[in-house]
Amino acid sequence: MTVTSVLRPDGIRVVTMNAPPVNALTVQGWYDVAAALDEAGADLDTKVVVLRAEGKGFNAGVDIKEMQHTTGFDALLGANKGCFAAFKAVYQCAVPVVAAVNGFCVGGGVGLVGNADVIVASEDAYFGVPEVNQGALGAATHMARLVPQHMMRTLYFTARTIPAKDLVQFGSVLEVVPRDRLDDAALKVAGEIAAKDTRVIRAAKEALNGIDPVDVNKSYRWEQGFTFELNLMGVSDELRDDFAGTDKSKGAAQ
């Protein structure tokens, strides 16, 4: 996993995730994202952050294979704490975060994007929360920031995905552009923000978070509690084994 953070002369900091082949992040990967966002906000020269990814898609969630190839619950606890840290870092970053979403954005990816301030996406981008397929719960908090309640519930229960172009009508995605114009589109809106007085923008970010109707950090922790219950029941290992081609659940039963 590689997370790079580059501050441009105009005050736009570009944070890039690169974890081939599908940007499914390891436990350390989530903490690396969190650290990059925390550092960006603490740097007074940073006026706005563009969060982007290299590769086929923006983010495929947690690295389930890592989880299934470790004993006990260490990887599960690490992934949950790491996701919480990364999502929180995006939301509480002292400056606005513009998410530039390419290809797939599922599971933990929705957690990152749902907590961002502005979203631009490529024409091939789509979003989904397939957690139920792997015996987990989470990111409904963040999907609810992208689509209306009944749409969120449908996507959650069915594990369906929704294309980025359909989110423009809800106002959650600012615009959808061809893949080769994604970075330019993200930098354009980021540039508009960077052109403002950063002292005002930082105050505005804190003010807007303060009037949010839902405490996203507390809400997400509530969801995670049910994930832990499903793991204790053994349900999650069974479903993750099907996905990863492992037999961790059989070992736990012996």
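Q: How many aromatic pairs are counted in this structure, and what makes two rings a pair?
A: The count comes to 4 aromatic pairs. Rings of Phe, Tyr and Trp (its six-membered ring) pair if their centres lie within 6.5 Å; planes under 30 degrees apart count as stacked, over 60 as edge-to-face and the rest as tilted. The model is predicted: local features need pLDDT of at least 70, side-chain atom pairs count only at pLDDT 80 or more, and totals for chains, interfaces and linings use all residues. Residues are numbered from 1 along each chain as its sequence is written, and side-chain values use heavy atoms, with hydrogens and water left out.

Q: Why is the pair of Phe84 and Tyr220 called stacked?
A: The ring centres of Phe84 and Tyr220 are 6.4 Å apart and the planes stand at 5°, so the pair is stacked. Phe84 belongs to helix 3 (residues 74-92) and Tyr220 to helix 10 (residues 216-233), 136 residues apart. Helices here are DSSP runs (H or I, at least four residues), numbered from the N terminus.

Q: Which kind of aromatic pair do Phe87 and Tyr220 form?
A: Phe87 and Tyr220 form a tilted pair, with 5.0 Å from centre to centre and 55° between the planes. Because Phe87 lies in helix 3 and Tyr220 in helix 10, this pair ties together parts that are 133 residues apart in sequence. Trp30, Phe84, Phe87 and Tyr220 form one aromatic cluster.

Q: Why does Tyr220 count as buried or exposed?
A: Tyr220 has 7% relative accessibility and therefore counts as buried. Buried means under 20% relative accessible area, exposed over 50%, and partly exposed in between (1.4 Å probe, protein chains only).

Q: What makes the charged end of Arg221 sit over the ring of Phe84?
A: The charged end of Arg221 is 5.5 Å from the centre of the Phe84 ring, over which it sits. The rule asks that NZ of Lys or CZ of Arg be within 6 Å of the ring centre and within 35 degrees of the ring normal.

Q: Why is Leu232 called buried or exposed?
A: Leu232 has 68% relative accessibility, so it counts as exposed. The place of Leu232 is in helix 10.

Q: Why does Leu239 count as it does at 28% relative accessibility?
A: At 28% relative accessibility Leu239 is classed as partly exposed. Leu239 lies in helix 11 (residues 235-244).

Q: With which residues is Leu239 in contact, leaving aside its neighbours within four places in sequence?
A: With those neighbours left aside, Leu239 is in contact (heavy atoms within 4.5 Å) with Val132, Asn133, Gln134 and Gly135.

Notes. Helices (H or I, at least four residues) and strands (E, at least two) are DSSP runs, numbered from the N terminus.
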